[in-house]
Amino acid sequence: MEHSNPSVPRKLPAAGAYRLTIRLWRPVRLSVGRLGRVSLPAGAYYYCGSARANLPARVARHLRRAKKAHWHIDHLLGHPAAEAIEVRAWTDRTECDLAAQALGSGGRAVAVGFGSSDCRRGCPAHLIYMGKTHRQSRSQPRPSRSPCEPVTWSRRQGRTRSKQPSA
Ligand SMILES: [Zn+2]
């Protein structure tokens, strides 16, 4: 049994797609499994993932620094210069939808293949660089048409809130 982490978001759906907003405080070079060495500029990133079950546990794992690196993202989030600052989740989107949306709003795949080894849709990566100064409003997916609202958690606020999509 693991200790509960006070920064673990609550109220996330059990399954669906999620997007971590990650702040990288300085440029880093990482050795990332089979991808090899990647150079990541400082700034904001979106990491898009999905879970068929246990989504909250998956996110909690992302937010825990001490762990054995298994996914590409573990290498980034284990770095002291990286910080996950927000997570949002959707039940009616896929990780590829979220990656495409990020790319469509000015994001770039600076590490091709990062997080997308098992992608079947041809995303260049599931880690998208959003630039040095990231504005949240620039890249919000359109309001969900499903009754399930996206759930936001932000480290700064330290609590989870449901966002009412604006019509
Ligand atoms: Zn994809």
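**View 1. The loop before helix H1, with Asn 54.** Asn 54 lies in the loop that leads from strand S4 to helix H1, which spans residues 55-63, in a model that is predicted. Its phi is positive, at about 55°, although Asn 54 is not a glycine. Most residues other than glycine have a negative phi. Is Asn 54 buried or exposed? Because Asn 54 has 12 C-beta neighbours inside 10 Å, and a residue with 12 or fewer is classed as exposed, this residue counts as exposed.

**View 2. The buried face of helix H1.** Within H1, the buried residues are Leu 55, Pro 56, Val 59 and His 62. Around the helix axis they cover an arc of only 115°, and therefore they sit on the same side of H1. Against which elements do the buried residues of H1 pack? They pack against strands S1, S4 and S5, and also against helix H2.

**View 3. Strand S1 between its two partners.** Strand S1 is mostly covered, with 7 of its 9 residues buried. On the one hand, S1 is joined to S4 by 9 bridges, and these two strands run antiparallel; within this pairing, Thr 21 has Tyr 46 of S4 as its bridge partner. On the other hand, S1 also pairs with S5, again in the antiparallel sense, over 8 bridges. In that second pairing, the residue of S5 that stands opposite Arg 19 is Arg 88.

**View 4. The hairpin of strands S2 and S3.** Strand S2, made of residues 28-32, and strand S3, made of residues 36-40, run antiparallel and are joined by 5 bridges. One pair to look for is Ser 31, which stands opposite Arg 37 in S3. Between the two strands of this hairpin there are 3 residues, and Gly 33 takes a positive phi near 45°.

**View 5. Pro 80, in the loop before strand S5.** Pro 80 belongs to the loop between helix H2, residues 72-77, and strand S5. It is exposed, because 9 other C-beta atoms lie within 10 Å, and a count of 12 or fewer is what makes a residue exposed. Although Pro 80 and Arg 65 are 15 residues apart in sequence, their C-alpha atoms are 8.8 Å apart in space.

**View 6. Thr 94, in the loop between strand S5 and helix H3.** After strand S5, which covers residues 82-90, the chain enters a loop that contains Thr 94 and that leads to H3. With 16 C-beta neighbours inside 10 Å, Thr 94 counts as partly exposed. Which residues does Thr 94 contact once its neighbours within four places in sequence are left aside? They are Ala 17 and Ser 50. Thr 94 and Ala 51 are 43 residues apart in sequence, yet their C-alpha atoms are separated by 9.4 Å in space.

**View 7. Helix H3 and what covers it.** Helix H3 runs over residues 95-104, and its buried residues are Glu 95, Leu 98, Ala 99 and Ala 102. Seen down the axis of H3, these residues fall within an arc of 100°, so they line one face of the helix. The cover over them includes strand S1 (16-24), strand S4 (43-51) and strand S6 (127-131). Following H3 comes Gly 106, which has a positive phi, near 95°.

**View 8. The largest nonpolar core, centred on Ile 128 for this picture.** The largest nonpolar core has 35 residues, and those that touch the most other members are Tyr 45, Tyr 47, Leu 127 and Ile 128. Leaving out residues up to four places away in sequence, Ile 128 touches several residues, among them Tyr 45, Tyr 46, Ala 99, Ala 102 and Leu 103. Two of these residues, Ala 99 and Ala 102, are also among the buried residues of H3.

**View 9. The protein chain and its two ends.** The protein chain holds 3 helices and 8 strands, which follow one another along the sequence in the pattern β-β-β-β-α-α-β-α-β-β-β. Of its 167 residues, 34% are buried. The average pLDDT of the chain is 82, and 74% of the residues score at least 70. For residues 1-6 the pLDDT is below 50, and this stretch has 3 contacts in the model beyond near neighbours in sequence. Residues 158-167 likewise have a pLDDT below 50, with 18 contacts beyond near neighbours in sequence. Where pLDDT is low, the predicted coordinates should not be read in detail.

Notes: Residues are numbered from 1 along each chain as its sequence is written. This is a predicted model: local features need pLDDT of at least 70, side-chain atom pairs count only at pLDDT 80 or more; totals for chains, interfaces and linings use all residues. Two strands pair if DSSP finds at least two bridges between them. Helices (H or I, at least four residues) and strands (E, at least two) are DSSP runs, numbered from the N terminus. A residue is buried if 20 or more other C-beta atoms lie within 10 Å of its own, exposed if 12 or fewer, and partly exposed in between; C-beta atoms are placed from the backbone. The arc is that of the directions from the helix axis to the C-beta atoms. Two residues are in contact if their C-beta atoms, placed from the backbone, lie within 7 Å. A nonpolar core is a set of buried Ala, Val, Leu, Ile, Met, Phe, Trp, Tyr and Cys residues joined through C-beta atoms within 7 Å. pLDDT is the predictor's confidence in each residue, from 0 to 100.
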